[in-house]
Amino acid sequence: MSGPLNAPFNALASLGRVVLDRVARFGRAHVLLLGMLAGLPSLLPRPRLLLLQLYATGVLSVLIVVVSGLFVGMVLGLQGYYVLSQFGAAESLGVMVAASLVRELGPVVTALLVAGRAGSALTAEIGLMKTTEQLSGLEMMAVDPVKRVLSPRLLGGFLSMPLLAALFSAVGVLGGYFVGVGLLGVDSGAFWSQMQAKIDFHGDVLNGVIKSLVFGFVVTWIALFEGYDAVPTATGISRSTTRTVVNAALAVLALDFVLTALMFGD
Amino acid sequence: MVKMRTLEIAVGAFMVAGLVALFFLAMHVSNLSNLAAGDGYRIRANFDNVGSLKVRSPVSMSGVRVGRVESIAYDQQRFQAVVTMLIDEQFNSIPTDTFANIFTAGLLGEKYIGLDPGGSMEVLADGDQIEHTQSALVLEQMIGRFLLSKAEEGVD
């Protein structure tokens, strides 16, 4: 069967194949997730596995998160001052800096940074383990690689993210304070008191923490799945690493919209 | 591979730093430190118009915050807004003939309730109602009145 009449069917078939492929990948990702969640209880007797992952995802990301947070806070202080001083409301700078950091930039930018710094490393690591048949090796020794290798990494990313986001926001507020109060001459008392009056612990800070927990979970899940599902070649691993960063960033931004709509909708 | 002890210390320091940052956000950035001021007692006041007064808006006397607005409801019999305020326990000597006004902080700031103490020897207790109230100044009404008076001047 060939000829010009077949062209529309071929196009339809390739569309169908792409859709089926996507659905299958989505399904595999969820099967892997179930496996990883089932493996979490087996971590209890071996806290050392989690410790290693907290180091790899959390501690090693601290530097980039803190430095970025400082600069983002300083830029917010600078930009906010120029806009607010036009309305004679430069004292509200503290509120503006803290609200943008705690509600949005802290969780979102931290998640993007972690996706780039730790997520890509996770994908490459798992992908290489697959390529060099270390995962099958574990299976041969009757050790479930999902429980032994992937579960601790999922929990490590999940736990690290809110702490990193809190560090980002806290350092950012200090950066905004440094620029606003130290360099531009906003009143120090007004900076803090307005901030405390307007930023709500339950409404703003806790919602930011919830966001970063969700982001930590999703970013780590995507990174681990891309590594586990990688084509075991050099090109395959590099493609998976790229996909991790792209997919994780898109997922974070899309989820941020959904979560913000749910939390601040009313 | 980093040595296990160094690694443990690094992870421990990371957890502490993260929790300290969370604590900083809770106590210094948000209003949790104000919320933890303890219990208080509730008083009610009816207003013809509360404007954009919100739940959790401050209640102040002489500019000092003495409590917060706890709830705003509508009284269907009297066609008025009923505002319940939670006053901090330590401010327990507010006279019964106190006057409650709704003010605006600055020209465009948030609405808050200002209490103007009267001269009565009796003090407000839990569940009491403030009788003397003045509604929020609605900017649109003021501008409307101002324009009307200007127009009338022009007719003469």
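What pattern does chain A follow when read along the sequence? Color chain A by secondary structure and trace the chain from its start: the pattern is α-α-α-α-α-α-α-α. That gives eight helices and zero strands. Keep in mind as you click around that this is a predicted model.

**Stop 1: the whole of chain A**

Show the C-alpha trace of chain A and turn it slowly. Along its principal axes the trace spans about 75 × 60 × 35 Å. If you shade the 266 residues of chain A by accessibility, 46% of them come out as buried.

**Stop 2: helix 7 and helix 8**

Next, select residues 201-228 of chain A, which form helix 7, and residues 234-264, which form helix 8. Their axes come within 9 Å and cross at roughly 155 degrees. Angles over 145 degrees count as roughly antiparallel, so helix 7 of chain A is roughly antiparallel to helix 8 of chain A. Which residue classes meet in this contact? Color the contact residues by class and you will find 14 nonpolar, six polar and five charged. As for handedness, the crossing of these two helices of chain A is right-handed.

**Stop 3: the largest cavity**

Now switch on a cavity display. Counting cavities of 30 Å³ or more gives two. Begin with the largest, which holds about 90 Å³ of space. To center your view on this cavity, pick Ala166(A), Ser169(A), Gly208(A), Val209(A) and Leu25(B); of the 13 lining residues, these lie nearest its centre. Notice that one of these five comes from chain B.

Which helices supply the lining of the largest cavity? In chain A, select helix 3 (93-131), helix 5 (145-183) and helix 7, then add helix 1 (4-29) of chain B; each supplies at least two lining residues. Coloring the lining by class shows nine nonpolar residues, four polar and no charged.

**Stop 4: the second largest cavity**

Move on to the second largest cavity, with about 60 Å³ of space. For its lining, select Thr57(A), Val114(A), Ala118(A), Gly119(A), Leu122(A), Gly157(A), Met161(A), Gly216(A), Val219(A) and Thr220(A). Helix 3, helix 5 and helix 7 of chain A each give two or more residues to this lining. Which helix gives the most? That is helix 3 of chain A, with four residues. By class, the lining of the second largest cavity has five nonpolar residues, five polar and no charged.

**Stop 5: two loop residues with positive phi**

For the last stop, leave the cavities and look at two loops of chain A. Where does Glu133(A) sit? Find Glu133(A) in the loop between helix 3 and helix 4 (134-140) of chain A. Check its backbone: Glu133(A) has a positive phi of about 60 degrees, although it is not a glycine. Is Glu133(A) buried or exposed? Exposed means over 50% relative accessible area, so Glu133(A), at 56%, counts as exposed.

Then step along to Ala142(A), which lies in the loop between helix 4 and helix 5 of chain A. Phi of Ala142(A) is near 65 degrees, again a positive value in a residue other than glycine. With a relative accessible area of 71%, Ala142(A) is exposed.

Key. Residues are numbered from 1 along each chain as its sequence is written. Chains are lettered from A and ligands numbered from 1 in the order in which they are written. This is a predicted model: local features need pLDDT of at least 70, side-chain atom pairs count only at pLDDT 80 or more; totals for chains, interfaces and linings use all residues. Side-chain values use heavy atoms; hydrogens and water are left out. Axes are lines fitted to C-alpha atoms, for helices over the stretch in contact, and angles run from 0 to 180 degrees between N-to-C directions. Angles under 35 degrees count as roughly parallel, over 145 as roughly antiparallel, 65 to 115 as roughly perpendicular and the rest as oblique. A crossing is left-handed if the near helix is turned anticlockwise from the far one by less than a right angle, and right-handed if clockwise. Ala, Val, Leu, Ile, Met, Phe, Trp, Tyr, Cys and Pro count as nonpolar, Asp, Glu, Lys and Arg as charged, and the others, Gly among them, as polar. On a 1 Å grid over the protein atoms alone, a cavity is a set of points where a 1.4 Å probe fits but cannot get out, and a pocket is an open set with protein on both sides within 12 Å along at least five of seven lines; lining residues have an atom within 4 Å of a point. Grid points are joined across faces, edges and corners, and a volume is the space filled by probe spheres set on the points. Buried means under 20% relative accessible area, exposed over 50%, partly exposed in between (1.4 Å probe, protein chains only).
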